[in-house]
Amino acid sequence: GEALVTEPMYLGGRANAWPAAGGPVDVEAVGQVPLLLTSAPNGIRSLIEDYMHAAKQRLTVRAEMNSVSLTINAIARGAGFTVLPRCALAELRRDYGIRAEPIEDLSVSWLIATSKERYQSTAAIRLKAMLHEAAAASTAAAV
């Protein structure tokens, strides 16, 4: 696959239940809070599990949810915290009372996967170019 964009992962939860001071969250802080995560097998879930395992930290999964909007509604009601990529933060509304901070040394890379054995149509090639342009523009806007 071709790398499209790499973006940081965030810990999100109710602002009034936040486990740490301002700024990026370390692996120990992620291990101290009850999490609402996607169920396994899932790429994001595996990324989080590998991150915690490498640091010899325990992962406390309070519930498994496979809907970003359901997870955000649950953490807004104080059900726990979640780990999500920056692109998912677009789901957050200001009135939710949710705080999200980047997690130190944890990011996700999004790829475009294509088959080397299959013909790439002009439309597919143009779509890949458009995706690269959009990713570059969103990365530039976020900096």
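## A strand residue out in the open

Let's begin with D105, which counts as exposed because its relative accessibility is 77%, above the 50% cut-off. This residue lies in strand β5. Its backbone has a twist to look at, too: phi is near 60°, a positive value in a residue other than glycine. Keep in mind throughout that this is a predicted model.

Strand β5 covers residues 98–112, and E101 sits there as well. Is E101 buried or exposed? With a relative accessibility of 17%, E101 counts as buried. E101 has a salt bridge to R99, with 3.2 Å between the closest N and O atoms. The contact between these two side chains is also a polar contact, again at 3.2 Å. R99 itself comes out as partly exposed, at 21% relative accessibility.

## Helix α2, end to end

Now for helix α2, which runs over residues 43–54. Does its length add up, and what should we expect? At 1.5 Å a residue, its 12 residues should span 16 Å, and the end C-alpha atoms are indeed 16 Å apart, so the two agree.

Which residues of α2 are buried? They are I44, R45, I48, Y51 and M52. Looking down the helix axis, you find these buried residues within an arc of 130°, so they line one face of α2. The spacing fits a general pattern: an α-helix has 3.6 residues a turn, so residues three or four places apart point the same way. On the other side of α2, the exposed residues are G43, D50, H53 and A54.

## What happens at the two ends of α2

Before the helix comes the loop between β2 and α2, where P41 is found. The peptide bond joining A40 and P41 is cis, with omega at about -5°. At the start of α2, N42 gets involved: one of its side-chain oxygens comes to within 2.8 Å of the backbone nitrogen of I44.

At the far end, just after α2, you meet K56. This residue is found in the loop between α2 and β3. Phi of K56 is near 55°, which is positive although the residue is not glycine. K56 is exposed, as its relative accessible area is 74%.

## Salt bridges around R45

How many salt bridges are there? The count comes to three. The R99 and E101 pair is one of them, and R45 takes part in a salt bridge with E49, where the closest N and O atoms are 2.9 Å apart. R45 and E49 are four residues apart in helix α2, so about one helical turn separates them. R45 counts as buried because its relative accessibility is 7%, while E49, at 32%, counts as partly exposed.

R45 also meets E64 in a salt bridge, this time with 3.0 Å from N to O. That pair links distant parts of the chain: R45 belongs to helix α2 and E64 to strand β3 (residues 61–64), 19 residues apart. With a relative accessibility of 47%, E64 counts as partly exposed.

Back to R99 for a moment: this residue is partly exposed, at 21% relative accessibility. As for the other three, salt bridges that share partners join R45, E49 and E64 into one network.

## The largest pocket

How much space lies in the largest pocket? The figure is about 220 Å³. There are 16 residues lining this pocket, and the closest to its centre are T38, V68, T82, V83 and L84. The elements that each give two or more residues to the lining are β2 (35–37), α2, α3 (68–76) and β4 (82–85). Which element provides the largest share of the lining? That is β4, with four residues.

## Far along the chain, but not in space

One last stop is A17, placed in the loop between β1 (2–14) and α1 (27–31). A17 counts as partly exposed, given its relative accessibility of 42%. In sequence, 61 residues separate A17 from G78, yet their C-alpha atoms are 7.8 Å apart in space.

Technical notes. Residues are numbered from 1 along each chain as its sequence is written. This is a predicted model: local features need pLDDT of at least 70, side-chain atom pairs count only at pLDDT 80 or more; totals for chains, interfaces and linings use all residues. Side-chain values use heavy atoms; hydrogens and water are left out. The expected span of a helix is 1.5 Å times one less than its number of residues. Buried means under 20% relative accessible area, exposed over 50%, partly exposed in between (1.4 Å probe, protein chains only). The arc is that of the directions from the helix axis to the C-beta atoms. A polar contact is a pair of N or O atoms within 3.5 Å; within protein, one must be able to donate a hydrogen and the other to accept it, and residues adjacent in sequence count only if both atoms are side-chain atoms. A salt bridge is a side-chain nitrogen of Lys or Arg within 4 Å of a carboxyl oxygen of Asp or Glu. On a 1 Å grid over the protein atoms alone, a cavity is a set of points where a 1.4 Å probe fits but cannot get out, and a pocket is an open set with protein on both sides within 12 Å along at least five of seven lines; lining residues have an atom within 4 Å of a point. Grid points are joined across faces, edges and corners, and a volume is the space filled by probe spheres set on the points.
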